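Student: I'd like a close look at one part of this model, please. Pick a buried spot, walk me around it, and then show me some others to set beside it.

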Amino acid sequence: MVTRIALTGLTSTMSLLSLLGPTIPLEWGPGPLTLDSLPRVTYVAHRGGAREVPENSMSGLMAAYVRGTADVLDFDTRMLRDGTPVVMHDPLLNRTTYLGGEVRKLSAGDWQGVRLRPKASLPGSWRSERPPTVARVLDLLGGRAVLMLEVKDPRSLARLASLIRSRGLTRSVIVHSNDPALARRTHRAGLLTGLWRSAEQLRGDRPSQWRSYVDVLDVDHKARDADLLRAVNSGIRRVWAHTVVKPDQRDRVLELGCDGVITDTPGRLAGVRGRAGR
């Protein structure tokens, strides 16, 4: 059963942290938390679970972690003009915050004034909050959960690599992108590498050519059966499907051999999985 927390305004990140206790992952016990410790079928909270919590927010990521309905927490990253990596999907502030304009034109000081605008359609009650920096997410959740961060700005790779290495998280943070060349650079930097592909891209892709440097291949669940099967049989160890929101979508990709589900609704989908499959 999915545990639903009444997050009235979601108190604060620090009050959530007080619930967590020692830095011991919820799902894996006292052993080291790495990509290799994930269960056979992996559930990923896309942007924290964007139909259940405010996307790419610290409170949303913390809620997804505390609820325990996902094995991996996913978020997007962009870079401010002073080189600070921050958590944000869009190049513009307009859709998810009370402000407008380009993220890349802001300084770290400007970022302090940005506030997220939670969707009215989300379950529960959520307060506006400042979107986090990548460093803050790594500091609060690194080592507690496997994380997957998507690089929206390729220029930020060196800075992201530095943040991950300095915290000893190179085996538990997946650096994700849509660009095979950037994926190769990520692998050469000694980081876990994720590569996502759209249904259209998969029609012409030959995923087996990436198996030497891609740790996770993320495929569009809308792709044709033949294209998904080619990905599953590529030799890449983990093939996860995005962005799944319905049980029948989940069931199809798992039947075709995908071993992970990237979802906006982890509470709905992961709450019915069989834990014996771990």
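**A buried aspartate, and some other buried spots**

Tutor: D153 is buried, because its relative accessible area is 12% (buried means under 20%, exposed over 50%, and partly exposed in between, using a 1.4 Å probe and protein chains only). Before we go on, keep in mind that this is a predicted model, where local features need pLDDT of at least 70, side-chain atom pairs count only at pLDDT 80 or more, and totals for chains, interfaces and linings use all residues. Residues are numbered from 1 along each chain as its sequence is written, and side-chain values use heavy atoms, with hydrogens and water left out.

So where is our residue? Look in the loop between strand 4 (146–151) and helix 5 (157–166), and you'll find D153 there. Helices (H or I, at least four residues) and strands (E, at least two) are DSSP runs, numbered from the N terminus. The side chains of D153 and R155 are joined by a polar contact of 2.7 Å. That term means a pair of N or O atoms within 3.5 Å; within protein, one must be able to donate a hydrogen and the other to accept it, and residues adjacent in sequence count only if both atoms are side-chain atoms. Leaving out residues up to four places away in sequence, D153 touches T77 and M79 (a contact means heavy atoms within 4.5 Å).

Now hop over to another loop, the one between strand 1 (42–45) and helix 2 (58–67), where E55 sits. With a relative accessible area of 11%, E55 is buried too. A polar contact of 2.9 Å links the side chains of E55 and R95. Once you skip residues up to four places away in sequence, E55 touches R47, A50, H89, R95 and T96.

One of those neighbours, R47, is worth a stop. R47 is in the loop between strand 1 and helix 2, and counts as buried at 15% relative accessibility. Its backbone has a twist: R47 has a positive phi of about 55 degrees although it is not a glycine. Most residues other than glycine have a negative phi. N56 is another case, with a positive phi near 55 degrees in a residue that isn't glycine. You'll find N56 in the loop between strand 1 and helix 2, and N56 is buried with a relative accessible area of 3%.

Carry on into the helix that follows. Nine of the ten residues of helix 2 are buried, so this helix is largely enclosed by the rest of the structure. The buried ones are M58, S59, G60, L61, M62, A63, A64, Y65 and R67. Just after helix 2 comes G68, with a positive phi of about 75 degrees.

For one last stop, try L256, in the loop between helix 9 (247–255) and strand 9 (260–263). L256 is buried, with a relative accessible area of 15%. Its C-alpha atom is separated by 7.2 Å from that of L228, although the two residues are 28 apart along the chain. Apart from residues up to four places away in sequence, L256 touches D225, L228, L229 and V232.

Now zoom out. The protein has ten helices and nine strands, and 55% of its 278 residues count as buried. Among contacts with a separation of 6 or more, 59% come from residues 24 or more positions apart.
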